[in-house]
Amino acid sequence: MSRAEVGDIVELSCLGGAFMFTGKVVETFRNSGQDEILVESDTVRPGERLCFSQRHVSRVISRGSERDALESIIDEITRG
């Protein structure tokens, strides 16, 4: 499975597939050795960012634009 990146629209699966929804990845980061993503969804807590592990991504529905990917790389370099 490929990793979700900033700008991607992803499908997330939680509780063994009992809860599934889609959202847009707005940030990726590492926390305690795990790859995490912040997601915005119109169906789950609209207007808020939700944090999930990359392992909750069941599939990448669509990739963000090349500009989004470039901005993501610049953000990663800037953050260190």
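A polar contact is a pair of N or O atoms within 3.5 Å, where, within protein, one atom must be able to donate a hydrogen and the other to accept it. In this predicted model, Ser41 offers a good place to apply that idea, since the side chain of S41 reaches the backbone oxygen of T22 at 3.0 Å. A further partner is the backbone nitrogen of V44, which the S41 side chain reaches at 3.4 Å. S41 sits in the loop between β3 and β4, the latter spanning 49–53. Although placed in a loop, S41 counts as buried, with a relative accessibility of 3%. Leaving aside residues up to four places away in sequence, S41 touches F21, T22, G23 and P46.

It helps to place these residues in the overall fold. The protein contains five strands and one helix, and along the sequence these elements follow the order β-β-β-β-β-α. Of the 80 residues in the protein, 31% are buried. The accessible surface comes to about 5300 Å², with carbon and sulfur atoms accounting for 51% of that area. Contacts across the sequence can be described in a similar way: among those between residues at least 6 apart, 43% join residues at least 24 apart.

The strand pairing begins with β1 and β2. These strands run antiparallel and are joined by six bridges, with β2 covering residues 19–31. Within this pairing, L12 stands opposite F21 in β2; F21 is also among the residues that S41 touches. The hairpin of β1 and β2 has four residues between the strands, and in this hairpin L15 takes a positive phi near 55°. Strand β2 also pairs with β3, residues 34–40, again in an antiparallel arrangement, here through seven bridges. K24 stands opposite E40 in β3. In the hairpin of β2 and β3, two residues lie between the strands, and S32 takes a positive phi near 55°. As general background for reading such strands, side chains in a regular strand alternate between the two faces of the sheet.

Charged side chains provide another view of how the chain is held together in the model. In general, side chains of opposite charge can pair when their charged atoms come close. Counting pairs with a side-chain nitrogen of Lys or Arg within 4 Å of a carboxyl oxygen of Asp or Glu, the total comes to seven salt bridges.

One of these is formed by R63 and D8, whose closest N and O atoms are 2.6 Å apart. This pair links distant parts of the chain: R63 belongs to the loop between β5 (57–62) and α1 (66–79), while D8 belongs to the segment before β1 (9–14), with their positions 55 residues apart in sequence. The two partners fall into separate accessibility classes, because R63 has a relative accessible area of 44% and is partly exposed, whereas D8, at 2%, is buried.

A second bridge connects two strands. R59 forms a salt bridge with E11, with the closest N and O atoms 3.5 Å apart. Here too the pair links distant parts of the chain, R59 being in strand β5 and E11 in strand β1, 48 residues apart. R59 is partly exposed, with a relative accessible area of 41%. E11, in contrast, counts as buried at 17%, because the cut-off for that class is under 20% relative accessible area.

A third bridge joins R3 and E5, where the closest N and O atoms are 3.8 Å apart. Both of these residues are partly exposed: R3 has a relative accessibility of 39%, and E5 has a relative accessible area of 30%. R3 and E5 also belong to a wider arrangement, as salt bridges that share partners join R3, E5, R30 and D35 into one network.

Cysteines complete the survey. How many disulfides does a search of the whole structure find? The search finds zero. C14 is buried, with a relative accessibility of 10%, while C51 is partly exposed at 43%.

Definitions and conventions:
Residues are numbered from 1 along each chain as its sequence is written. This is a predicted model: local features need pLDDT of at least 70, side-chain atom pairs count only at pLDDT 80 or more; totals for chains, interfaces and linings use all residues. Side-chain values use heavy atoms; hydrogens and water are left out. Buried means under 20% relative accessible area, exposed over 50%, partly exposed in between (1.4 Å probe, protein chains only). A disulfide is a pair of cysteine sulfur atoms within 2.5 Å. Two strands pair if DSSP finds at least two bridges between them. Contact means heavy atoms within 4.5 Å. Accessible areas come from the Shrake-Rupley method with a 1.4 Å probe; for residues, only the protein chains shown count as cover.
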